[in-house]
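Welcome, and thanks for taking a look at this chain with us. Here is a short briefing to read beside the structure.

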Amino acid sequence: MGSNSIFSVINLFAPVFFILTMSIMLVLDIRNSAKGDRRVKNFLLYYFITVILSWGCTICYYFAPSVFVYCNWICYVVMLVSPVAFFEFVFEITKTSSGERVSRWHYVFPAAIGAAVLILTILLPYDVSLAIVLSRGKYSEAVPWYFHFINSKPLTSVFCVLFYMVLMFIRMKKYSRQIQDYASNEKRSSLKWLYFCLSYYLLLLFVAAITSRMLLSSGLALIPICLILVQYTYLTYNTIEGNYIVRESDAEKIPEKPVVSAGGNPAPDMLKKNILSRGMFDEYIASRKPYLDPDLKITDLVGDLGVNRTYISSFINQEYDMNFSRYINGCRMREYETLRVAPESKDHSDEQLSLRAGFGSYAYFTRLKNDRLL
């Protein structure tokens with residue numbers, strides 16, 4: 001086997017085995033995941049399956065053109081479904097209510113294109129279809145309309161990717177605004193890693209456009225392929241680590257028992273009527289100190305306070321003129337100040353004290369402190 005053939009095999013098969021490895025890691029992790037996390041990881045696994053099928057079609061195109069003639073329509077469908085699958089993954093992370101679902105209409109266009117290619121493949125003589133595949137993108141005068149249609153896959157796929165990129169950025173922007181009334185862990189709720197993945201994806205499109213004429217048998221073709229594998233690794237790592245927050249159902253169950261005050265006595269009847277007072281809420285925060293949990297979500301307060309999360313969010317906004325995240329981080333900053341002046345904390349570093357105060361990371365604590373955001 002010549003060096004060119006070796007490079008071709010590596011460039012085509014290496015990504016498949018690599019993504020299969022990422023998929024196996026996801027499957028093993030899904031078994032021990034909570035329901036919300038399981039759905040997110042299932043959608044990423046779904047996306048990886050579409051990517052594997054896409055690479056499989058490419059392998060077929062180069063090494064088994066006679067077979068590719070029959071599965072050309074599958075290749076077209078997979079290339080269009082892949083960005084939809086990634087959108088479903090992002091949608092699951094950023095959905096604002098448990099009832100939100102991606103519309104099945106997103107699959108109509110890929111299905112229509114696939115059906116059209118399948119019908120044309122059936123109607124067109126096999127020899128003509130094979131000749132177009134073997135031409136490797138060179139213009140064929142035999143059936144020019146079919147040639148242009150079949151070879152429109154890359155351009156159509158790019159437009160499809162860009163369209164869903166816009167939808168994903170819009171959803172993430174909306175999520176960033178709303179999550180501050182729900183969770184207080186900036187590291188997990190900011191989705192900086194996902195913004196990076198999407199931006200990186202756009203960079204890959206640019207690199208692919210520049211290297212589109214690069215021979216697959218060239219060693220240089222490994223550069224864009226390695227960049228793609230870096231993205232899949234980063235994506236899998238952050239998903240398995242759970243660096244996101246899935247919002248729970250809005251229909252929390254309100255316990256029938258009243259809130260218990262710091263002294264152990266039943267709280268006033270006003271709590272049974274879903275009415276909180278500022279004094280009572282301050283007493284609860286001071287006694288229970290829920291903000292010490294870096295992963296605290298507003299739904300974690302529902303069971304103790306006996307009111308739903310929407311009421312708690314509105315109460316904090318009205319009483320303290322700030323969102324849930326800012327209020328909780330303010331409590332953490334005051335806890336940090338208390339710990340800092342405590343005699344038993346004199347040998348502790350700022351980082352240790354900030355983590356004890358409930359901040360998820362020292363970097364986030366430093367940014368809040370320096371920017372005076374609290």
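The points below move from the whole chain to its salt bridges, a surface patch and one serine.

Please keep in mind that this is a predicted model. The chain has 374 residues, and 45% of them count as buried. Its secondary structure comes to 16 helices and zero strands.

**The chain as a whole**

- The accessible surface comes to about 19400 Å², and carbon and sulfur atoms hold 62% of that area.
- Among contacts with a separation of 6 or more, 73% are between residues that sit 24 or more positions apart.

**Salt bridges**

- Searching the whole structure turns up nine salt bridges.
- One of them joins the side chains of D29 and K41, with 2.4 Å from N to O. This pair links distant parts of the chain, since D29 belongs to helix 1 and K41 to helix 2, 12 residues apart.
- Is K41 buried or exposed? K41 has a relative accessible area of 4%, and the cut-off for buried is under 20%, so K41 counts as buried.
- A second example pairs R104 with E88, where the closest N and O atoms are 3.4 Å apart. R104 lies in the loop between helix 3 (65–94) and helix 4 (108–123), while E88 is in helix 3, so the salt bridge ties together parts that are 16 residues apart in sequence.
- E88 is a buried residue, because its relative accessibility is 5% and buried means under 20%.
- E335 and K289 form another salt bridge, and their closest N and O atoms are 3.6 Å apart. Here E335 sits in helix 14 (residues 324–341) and K289 in the loop between helix 11 (278–288) and helix 12 (302–305); the pair links distant parts of the chain, 46 residues apart.
- How do the two partners differ in exposure? E335 is buried, at 11% relative accessible area, whereas K289 is partly exposed, at 33%. The reason lies in the cut-offs: buried means under 20%, exposed means over 50%, and partly exposed covers the range in between.
- R39, E92 and K95 are joined into one network by salt bridges that share partners.

**A nonpolar patch on the surface**

- F13, F17, L20, Y62 and F63 make up a nonpolar patch on the surface, and together they have about 480 Å² of accessible area.
- Which helices supply the patch? Helix 1 (3–30) and helix 2 (35–63) each give at least two of its residues, and the largest share, three residues, comes from helix 1.
- F17 is found in helix 1. With a relative accessible area of 54%, F17 is exposed, because exposed means over 50%.

**Around S176**

- S176 is part of helix 7 (residues 153–178). Its relative accessible area is 23%, so S176 counts as partly exposed, the class between under 20% and over 50%.
- A polar atom of the S176 side chain lies 2.9 Å from the backbone oxygen of M172.
- How far apart are S176 and T94 in sequence and in space? They are separated by 82 residues in sequence and by 8.6 Å in space, C-alpha to C-alpha.

Methods: Residues numbered from 1 in each chain as written. Predicted model: local features only at pLDDT ≥ 70, side-chain atom pairs only at ≥ 80, totals over all residues. Heavy atoms only, no water. Patch = residues over 30% accessible without salt bridge, like charges linked within 9 Å, V, L, I, M, F, W, Y side chains within 5 Å. Areas by Shrake-Rupley, 256 points an atom, 1.4 Å probe, with all protein chains shown as cover. Salt bridge = Lys/Arg side-chain N within 4 Å of Asp/Glu carboxyl O. Helix = DSSP H or I, 4+ residues; strand = E, 2+ residues; numbered from the N terminus. Buried < 20%, exposed > 50% of the residue type's maximum accessible area, 1.4 Å probe, protein only. Contact = heavy atoms within 4.5 Å. Polar contact = N/O pair within 3.5 Å; in protein donor to acceptor, adjacent residues only side chain to side chain.
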